[in-house]
Structures are given as structure tokens and as C-alpha cells.
Amino acid sequence: MGNSEIMVRYLRRATLTGLASAGAYERARTSRWRRERLLILCYHGVSIEDEHEWRPRLFMRPECLAERFELLRNRGYSVLPLAEALERLYADDLPPASVALTFDDGGYDFYKSAYPLLQQYELPATVYQTTYYADYQQPVFNLICSYMLWKSRGEVLEPAGRVPVRQRMDLRTEESRQSVVSELMALSARENLSGRDKHEIACRLAEFLEIDWGSLLAKRILHVMSPREIAEISRSGVSVQLHTHRHRTPLDEELFRKEIAENRKRIREITGSAPTHFCYPLGNYDGQFLPWLRQEGVLSAVTCDPALAAGDSHPLLLPRLVSTSAQSMSEFEAWLSGIGHMLSRRGKRRRIPRAALDCQGGRLGFPSAR
Ligand SMILES: [Zn+2]
């Protein structure tokens, strides 16, 4: 049995019997096993107001993010830019306890709440930027509807023709509110509504719910960064990468590749450099996407399957830990150190046909030492 396996056994036992302590974290963090692995962290939103109360698994308070950054800085973690981290992962050349920070969607909240913290802590980060709403500076339709319904939670309302919803609007549970959002989304798809039509519906919904629409717009709640803001974060070193133009992954090859191409074109126009790293919107991946991504010149793609990436991880199916405020600091630290990975149940991953997996890091442009 190798040293790393003994370490894993020791830690698993220590943690399961409640002995996990600063000492156990330290042993895991400085182990050879951990050194050969990269933890890619995923963040979604950082609240401008109370979004973390609406979606605690998507948003966190800036104070909570700062606490996590503090821990990264003070406990000897090596936070690397994603591209460098991946190159060094596949070259078996990672520094101790390496971590890469990624933020999904490129919302205005990133610019307002996360970007200043990244600068303060001098941490490199990647933003997976969706671009449709960057040019169309209005709140993201399904999100703003869901947020406003949550703001009116507890009420039961009759739409009575004031908003295009047939069902009685029962806003008492997350599920019943989601059913109203689903009806609006179905209407939008059925009638092929334009961005302007959807904006009009959201505005009417705000009026119906007696929510100050003007104030939501002024604060740019649930907006995507503008091209000027994206250019600014890119100039100051944030890596802006692919997340599809309209935040979707069609199952049709032509449409899928169009999403990537439009997204890449827009990011290149805004930042002056061509993105080659991709994040599956909503963590939805499928084996058939892999050859399409390769043909689009994509070097890496991340999922939301929680694990540490290793030298044998497929570069287009890289695992990532979604860091949420629902996680305690000790759970977070367990993941950083590697213990979280060792103890997690990883049986539920999607099966990808072998034919789709026919390339390893080296062939995608990562020099592989193995
Ligand atoms: Zn996303």
C-alpha cells in the first residue's frame, strides 16, 4: 500500500470517528495525494441585497466570500489562474494544495461584490461569461420573476388578467412559486417572445406584486455585466471564458456550436482575447457535447460534480465544487484540504460512452507528463 493510500485510510477513519481537527486538515492539505490534485471552486452569485435569502445555494453574502478568501490566503493554499492550474495539473507540476477560483454567469453582482474582494485579496479568478444579457441590459427574465415572487412570498393572488398567468398565484412555497415561473417560461417559449416582450411581462408582474421595478433596475439586481464592465475586469487580470451566449446547451450540434461560437465572438470583441475554457450551463453535460467542444477548439470544460481534479480527469469533464453559503466553514475547509473529496459519495455521476472520452489532456494541448 502506498503512502497516499495509508493517508486516505487514516483521514477517512479520523473523520468518521470525529477526530478530524486542524491537525487532520493539515495532514491532508500537505499530503502528496492532495498535491497531485486541483480543487476548482465554483461560485455563482454574491448578493447585492438579499439574493442569498432567496437562493442560498446560488448566492452568498460578500462577507461570507471574504471569510473564504481569508482562509485560502492564511492557510497556505496555492490559488492559481485556471489555465496555469490545468497545465500544471496535467504536467504533474502543481504547487501544494492548489485551488482555482471560478465564477459562473458574469452577473453584475460579480462586478459589484466579488471583484473588489478578489482585488483586495489579490486572488486570480475566471469568470464564465454568458453574453446575451450583457448586450441586452435588462434583468434575466426567469430569475427576476422568481426573485419577485419570492419577495411576495406567503401571498395567494388571483392574476385576473393583469399578468399572463392562468393559475392562481400561490406564493407560499418554493415549489408553488416555481410553478408560476414555469408557466411564464412555457408561455415565452410557445409564443417565441422577444427580450422586450419578456421585459414587459416582468415589469407588469412587478406592478401586480407592488414591487418597485425602477429600484430593481437601478440596483441592477440579476443583471449581467455590461461589455464595459467585462472589458474592465479582463484588463485587470480576470480571465473571461465561455458559458454559451444564451445560457443553454441545445442537443442539436449546429445550435450547440452556434452558442459557443457566438459566445466566443462576443467575448473576443469585448476583451480582445479568444476564450478556450468552457463551463456547462447549469452543470448539464452530455457525452455528445465532447466532440463538438473539441471542434470548437475548447481546451477544458467544467461540470458541477463535486470532486478534486486529478491527472487522469478528462479535460472536458473536470469536476468542480460549488461553494455555497449553505456549507459551513469546516465543510469548506474539509474540501480544500482534500478530506471532503475522500469522504464524498461519488457514485451518481453521469455515464459517458467510451467513444466520447477518446482524448486525454495531452491531445487537447495540455502537456501530459504521464
Ligand atoms: Zn450559469
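Phe289 and Trp292 are both buried in this predicted model. The two sit three residues apart in helix H15 (residues 289-295), which means about one helical turn separates them. That spacing fits a general rule: an α-helix has 3.6 residues a turn, so residues three or four places apart point the same way.

Zooming out to rings in general, the structure holds 19 aromatic pairs. Phe289 and Trp292 make a tilted pair, because their planes lie at 45 degrees, with 5.8 Å between the ring centres, and tilted covers angles that are neither under 30 degrees nor over 60. Elsewhere, ring pairs tie six residues into a cluster: Tyr43, Phe103, Tyr108, Phe110, Tyr111 and Tyr115.

Rings also turn up next to charges. For Arg153, the charged end sits over the ring of Trp150, 4.0 Å from the ring centre. Arg68 does likewise with Phe332, its charged end sitting over that ring at 5.0 Å from the centre.

Arg68 brings the story to helix H5 (residues 62-74), where Arg68 is among the buried residues. The others on that list are Cys64, Leu65, Ala66, Phe69, Leu71 and Leu72. With 13 residues, H5 reaches 18 Å from its first C-alpha to its last, close to the 18 Å expected at 1.5 Å a residue. After H5 comes Gly76, with a positive phi near 80 degrees.

Notes: Residues numbered from 1 in each chain as written. Predicted model: local features only at pLDDT ≥ 70, side-chain atom pairs only at ≥ 80, totals over all residues. Heavy atoms only, no water. Phe/Tyr/Trp six-rings, centres within 6.5 Å; stacked < 30°, edge-to-face > 60°. Helix = DSSP H or I, 4+ residues; strand = E, 2+ residues; numbered from the N terminus. Buried < 20%, exposed > 50% of the residue type's maximum accessible area, 1.4 Å probe, protein only. Lys NZ or Arg CZ within 6 Å of the ring centre and 35° of its normal. Expected span 1.5 Å × (residues − 1).
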